[in-house]
Amino acid sequence: MINKYYYCFVVFFSCAMTTIAQDTIVKGSVVDAAGDVLEDVSVAIANTDTSAMSGFDGTFTLTGDVASGEQLLVLVKVGYQTLTYPITVESGQLLSLDPITMELESAFTEELLTVTLSDDQINDESGIADNVSGLLQASRDVFLSSAAFDFSGAFFRVRGYDSQNATVMINGIEMNRAFSGRPQWNNWGGLNDVTRNQELANGLTPSDYTFGGVLGSTNINMRASKYRQGGRVSYASSNRSYTNRIMASYSSGLRSDGWAFTLSAGRRWGDEGFVDGTLYDANSFMTSIEKVMGNHSLNFTSIYTPNRRGVRSSNTQEVIDLRGIRYNSNWGYFKGEKRNSRIREIDEPIVMLNHYWDMGENTQLNTNVAYQWGSFGNQRLDNNGTRAVTDASGQVSFVGGAVNPSPAYYQRLPSFFLQNDDLEGAFLAQQEFVNNGQLNWDAILEANQNLAAQGGNSLYALTEDRSDDKTLAVSTIFTSDVTDNITLNASVSYRNLESENFANVVDLLGGTGYLDVNQFLANPVLAPNDANNPFRTVGVGDRFRYNYVIDQDVIGGFAQAQFKFKRFDFFLGGNVSHTSFQREGLFNNPRFPGSLGKGEEESFTNYGVKGGLSWKVSGRNIITANAGYLTEAPTLRNSYLNAREANNLVPDLQDEKITTADLTYVYRSPLVKARVTGYYTLFEDATDVSFFFAEFSQGSGFVQETVTGVDRRHIGAEIGLEAQVTPTIKVKGVAALGQFTFDKDSDNVFITTDSEELLDNTNQDRILAGVNAELGPAAIKDYRVANGPQNAYSVGFEYRDPDFWWFGATANFFTHSYIDIAPGLRTESFFLDADGLPINNVDPAIARSLLQQQRLDDYMLANLVGGKSWKVGDYFIGLFASINNVFAKKVQTGGFEQSRNANYNSLLEDVQSGTPLFGPRLFSANGTTYFVNVNFRF
């Protein structure tokens, strides 16, 4: 019996040894470009189940039944370029490899971000050019990377969302502006070297720091000890926004005495970018100092990025046809140099103190305090200068005012003369505009100087709409790994804003003073902008026209639980917040009763809930589902009928409700990565505010239009595919399919204005409410939301040579872009005559044609990128270059309808002329642009 068992044991042991002997063993180590070991690198043999992770010393061992011959070793680590490494194995043999070097992702991704996120694309004051690329830069997902880099030139928005639908944080402090809800990228622009440590939570996926929005959240970590030791100096040249850029940074790493510091400085400048007359002048400074004391750490960070730049104009198709896509009507020659009349200037330093406490092995508490202050200003040329004249009877009247000095003003264009059948005038206007169609600074100065010599005020002045904000923010963030499977996150935050808003005089342009009245109003009682100081003449630096303060307090908190198991992961999260704000008028505007003093305090209590489930079907297949419901307080921009003039809140002001869900399938293998996501989001009870000049049935004038009860439905799919077809060649394909529409007619449209006609046509109750006209619901259901191309596609490849040079190309296709509709044109007022009665000759078919939303042409943009890196001793030199819109396609990326002709007859007459005076204003993509960067790392 014993011999029998002994025999069986020997046979079994021999078979086992034979099996083991047939296994192939691959040993090696992974290092970075500096020769430092890399741990937690995923190492796998392609198309097999053989994989391992590198240890703390960078070594790895692969054991498995691998066929003899050539194989591909695939190495993956977040923040580093995925590497495919060819090897030759012999079945059952040991293969020892030399150390394998992985390159930082920054050589490609971060430089692309630098190129793509040019400031002319980021948040203009209208929001037309709002861009979400900065939110996506930390993503390694092929779809989101394409959205950030290849799609941004077309002003593409992921899922059609606005950037206010995401939370941007620095060291755990929210940076979204209270006024618009959007992040102000310029507050940390030019600090690319020190804003690379980012943690992105896309969509509803959980974040350790915040509940986030439906677009997700990004936390930029500027903690000094988290930066890699070393320095970087770079120079870049471009023809996009700026023409030159210099940056330098140095990090000490965490020293043995517990101190760490990081310094960064940069400058970007240029007389103009791709668009004529768009000057750029920006400096950037950042300091981060940290002291680690056992389980505690204190980090101080300061950021200062003053910048000023010239703004480009939006143009009608007529202007584009005459002058091209680089034309900008905002500039003219001043003393032999180009001077832009529309300068945006931002000067808002940030300081913050962060305390990090490791309460236990798996529990951390992070407490943060930040303070930001400074100014945000938009300059413009004002042509409403006048002087008050008193006749013998004591009656006051106003003398002055000038024609709009813009060279693209409609009365200076050929279409104006063609509508009056003046062919000669049209020809002369065309020649003048083509040859001399820029701002005439000399004529402006001459007019002011002549009046000054006669004792009069300036006709023209360079003025500024300015916000001086002071923001105090505090937050505490708690994280605890309760078990190996459960993580708890929670935070409490408070933010206080004190915002001073006013207009001030920047330059009198050769004059002596500027009268602070609305010269369009003949009634001297209503004309002054401040009845407590009527007919006041202001000078440089004086506040005028409007002057008010808004205080806001926001307190909030969120809690979240994350559960991770072998087959399933899921999370649940919720937040609650309380927002209160109040306006205090500092001018007594006689046109708006109740404008002086403190208005009613408004407050909102909001909440959100979200959850998600991931099913790991196998090691390569994952299915994820997320859903959420949240409410958000209206932004300050959308809370007042006309915050510049009065304390009147939007009637029946509502918080916005958002319902959203998505379903995702992910496939991951060493050679192929794919993702398919379907999503649905419904925005309800939003409020939109805009400014323009219009002619309604009740009268005409400069107005603020407030649209309430706006619902939007966003439905679509995202597809991304990336394949490593050879060790050196990677191909990718991306598709965004969306349909973003208004889900119902708006609740109401309100008009607020200084127009004397509208004031005279407004009943007393509306005046007291701050409303000059109530146009009723706008029939906007099923119109498309104008937010860039709703469908986008990209195909491309990337070649990476073992000698550390690489090249890539993409072809990007964009469809279903629409211009923004004017809601006022789709109200009952559009069909009313000047007497308030219905227009008799309305043809329904013609009306539908007039109100049909314009779809912009589909287009394709091709991009090229490439680079090379060298190691010289212990130093590294990198070269990066890109060309966007290789074939110089002239395309319109967006635009908006003008509301000047806001009734049926006037719009029909303008359109039927064949040369409309007030066609849509359009935004154009840049032509062929380049970016070249050289950097030195040590």
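Okay, let's start with a sheet: four strands form an open one, in the order β3-β2-β5-β6, and the pairing is antiparallel. Who sits on the outside? The edge strands are β3, residues 51-53, and β6, residues 83-89; each has a single partner strand, so one side of each is left without a neighbour in the sheet. Going from one strand to the next, the twist averages 20°.

Before I go on, a reminder that this is a predicted model.

Let me zoom in on one pair from that sheet. Strand β2, which covers residues 42-45, pairs with β3 over 3 bridges, in the antiparallel sense. If you want a spot to click on, take Val 43: its bridge partner in β3 is Ala 52. And for anyone who hasn't thought about sheets in a while, strands of a sheet pair through backbone hydrogen bonds, either parallel or antiparallel.

Now, on to another strand, β12. Is β12 buried or exposed? Well, this strand runs over residues 216-220, and 5 of the 5 residues are buried, so β12 is largely enclosed by the rest of the structure. By buried I mean under 20% relative accessible area. You can look at the two faces separately: Gly 216, Thr 218 and Ile 220 point one way, Ser 217 and Asn 219 point the other way, and all are buried.

So who are the partners of β12? One of them is β9, residues 166-170, joined to β12 by 5 bridges, and those two run parallel. Within that pairing, Val 168 stands opposite Thr 218. Another is β11, residues 198-202, also joined to β12 by 5 bridges, but here the strands run antiparallel. There, Asn 202 is the residue standing opposite Gly 216.

Okay, let's pull back to the whole chain. We have 11 helices and 47 strands. Along its principal axes, the C-alpha trace spans about 135 × 60 × 55 Å. As for the radius of gyration, a compact globule of 938 residues would come out near 30 Å, and this chain has 31 Å, which agrees.

What about burial overall? Buried residues make up 55% of the 938 in the chain. The accessible surface comes to about 39500 Å², and 55% of that area belongs to carbon and sulfur atoms.

Last one, on contacts. If you take those in the chain with a separation of 6 or more, 71% are between residues 24 or more positions apart.

That's my tour, thanks everyone.

Methods. Residues numbered from 1 in each chain as written. Predicted model: local features only at pLDDT ≥ 70, side-chain atom pairs only at ≥ 80, totals over all residues. Heavy atoms only, no water. Buried < 20%, exposed > 50% of the residue type's maximum accessible area, 1.4 Å probe, protein only. Pairing = 2+ DSSP bridges. Axes fitted to C-alpha atoms, helices over the stretch in contact; angles between N-to-C directions. Rg over C-alpha atoms; globule rule 2.2 N^0.38 Å. Contact = heavy atoms within 4.5 Å. Areas by Shrake-Rupley, 256 points an atom, 1.4 Å probe, with all protein chains shown as cover.
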